[in-house]
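Okay, thanks everyone, I'll keep this short. Have the sequence and the structure up in front of you, and let's walk through what's there.

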Amino acid sequence: MSKIKIKRLINPLAHVFGWLCYFIIPKLIDNFQDKPEFFRESEFWWTIQILIVIFFYVNYLIFIPGLLFKKKYLLYTLSVVACIIGFSFIIEFFVSTIFNNVHIVQGPRETMPPKPPDGIHGPFKGISVFSIVFLISTTLRMSIEWFKNERLRRELENEKLKAELQVLKAQIDPHFFFNVLNNICSLARKKSNDTEKFIIKLSELIRYNLYENKSEKFFLEKEINFLKSYIEIQQLR
């Protein structure tokens, strides 16, 4: 599996792991207690958890990229507040329904089950719960975007440096090669035996500069040969 595919899987797997911990840890706590929490044994508990997950990803996937990142701050704030209040009253409706139904079925003489957790019961309690979910969702998404932007910024800086280096090479190389050609012409006029040698050295430099130094990794032997040829040509000049 390629590194790109692995990186794409990290974020979804992290979400799955986080939600598994969120769902499993309360159940494990109940298993270590003599009297498990009645509320977590009911189907409404899972309904509430689904609502929490829905609100988390509505903010994470829709509100933040669709409104906050587009600088629609007022609309984003109103949308979040409306969702928090709406989901809180939905939860209060579910909680009231389950405990009223239990009371009707069991009757007043039966022992009533324990009250729902204080963190859930009551609309204002629900608002506090969804506010925490909102903070976690927003913090997580903004942190991911910050790291992503930092990575893109570093990549752009590297590309800029590469482009500047290429421009610098384009400015220096022609000047250098023209001077070397003039020096070789001087050797040819003198009918020097070194003329062929330096033509070969120059061709090696051109070949290396055009084809062999474009990759991210270099062979040390080729680098040394390039420097030797460069020094010999400079000595000729």
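I'm going to jump right into the middle. Arg141 is buried, and Glu145 is buried too. Two charged residues under the surface, then, and what are their side chains doing? The side chains of Arg141 and Glu145 meet in a salt bridge, 3.3 Å from N to O. In general terms, side chains of opposite charge can pair when their charged atoms come close. Because Arg141 and Glu145 are 4 residues apart in helix 4, there's about one helical turn between them. And the pair has company: Arg141, Glu145 and Lys148 are linked in a network of salt bridges.

I should say right away that this is a predicted model, so let's talk confidence before going on. The average pLDDT for the protein chain is 76, and 70% of the residues score at least 70. Now look at residues 103–120: the pLDDT there is below 50, although this stretch does have 28 contacts in the model beyond near neighbours in sequence. Please be careful with those, because where pLDDT is low, the predicted coordinates should not be read in detail. Element by element, helix 2 has the highest mean pLDDT, at 86, and helix 1 the lowest, at 74.

Okay, the overall layout. How many helices and strands are we looking at? The count is 6 helices and 0 strands, so if you read the elements from the N terminus on, you just say alpha six times, α-α-α-α-α-α. The chain has 237 residues, and buried ones make up 29% of them. Take the contacts between residues at least 6 apart in sequence: 68% of those join residues at least 24 apart. The accessible surface comes to about 17200 Å², and carbon and sulfur atoms account for 66% of that.

Back to helix 4, further along. A search of the whole structure finds 5 salt bridges, and Arg153 takes part in more of this pairing. On one side, the Arg153 side chain meets Glu150 in a salt bridge, 2.9 Å from N to O. Arg153 also forms a salt bridge with Glu157, where the closest N and O atoms are 2.7 Å apart. Why does that spacing work out in turns? Arg153 and Glu150 are 3 residues apart in helix 4, so about one helical turn separates them. Arg153 and Glu157 are 4 residues apart in helix 4, which again means about one helical turn. As for the surface, Arg153 counts as partly exposed because its relative accessible area is 37%, and Glu157 is partly exposed as well, at 39%.

Now let's see what helix 4 sits against. Find Ser137, which is in helix 4, residues 123–189. Is Ser137 buried or exposed? Its relative accessibility is 0%, so Ser137 counts as buried. Leaving out neighbours within four places in sequence, Ser137 is in contact with Phe56, Asn59, Tyr60 and Ile64.

Take Phe56 from that list. Phe56 is in helix 2, and with a relative accessible area of 6%, Phe56 is buried. In sequence, Phe56 and Ser137 are 81 residues apart, yet C-alpha to C-alpha they're 5.7 Å apart in space. Not counting residues up to four places away in sequence, Phe56 touches His15, Trp19, Val133, Ile136, Ser137 and Leu140.

Further along there's Pro65, also part of helix 2, residues 43–68. Pro65 has a relative accessible area of 22%, so it counts as partly exposed. Setting aside neighbours within four places in sequence, Pro65 is in contact with Asn59, Tyr60, Lys70 and Arg141, and that last one brings us back to where I started. Pro65 and Glu145 are 80 residues apart along the chain, and their C-alpha atoms are separated by 10.0 Å.

Last stop, the outside. Val16, Leu20 and Ile24 form a nonpolar patch on the surface, with about 250 Å² of accessible area together. Val16 lies in helix 1, residues 3–31, and at 47% relative accessibility, Val16 counts as partly exposed. Do remember that helix 1 has the lowest mean pLDDT among the elements, 74.

That's my tour, happy to take questions.

How values were computed
Residues are numbered from 1 along each chain as its sequence is written. Side-chain values use heavy atoms; hydrogens and water are left out. Helices (H or I, at least four residues) and strands (E, at least two) are DSSP runs, numbered from the N terminus. Buried means under 20% relative accessible area, exposed over 50%, partly exposed in between (1.4 Å probe, protein chains only). Contact means heavy atoms within 4.5 Å. Patches are made of residues with over 30% relative accessible area and no salt bridge: like charges are joined within 9 Å, nonpolar side chains (Val, Leu, Ile, Met, Phe, Trp, Tyr) within 5 Å. Accessible areas come from the Shrake-Rupley method with a 1.4 Å probe; for residues, only the protein chains shown count as cover. A salt bridge is a side-chain nitrogen of Lys or Arg within 4 Å of a carboxyl oxygen of Asp or Glu. pLDDT is the predictor's confidence in each residue, from 0 to 100.
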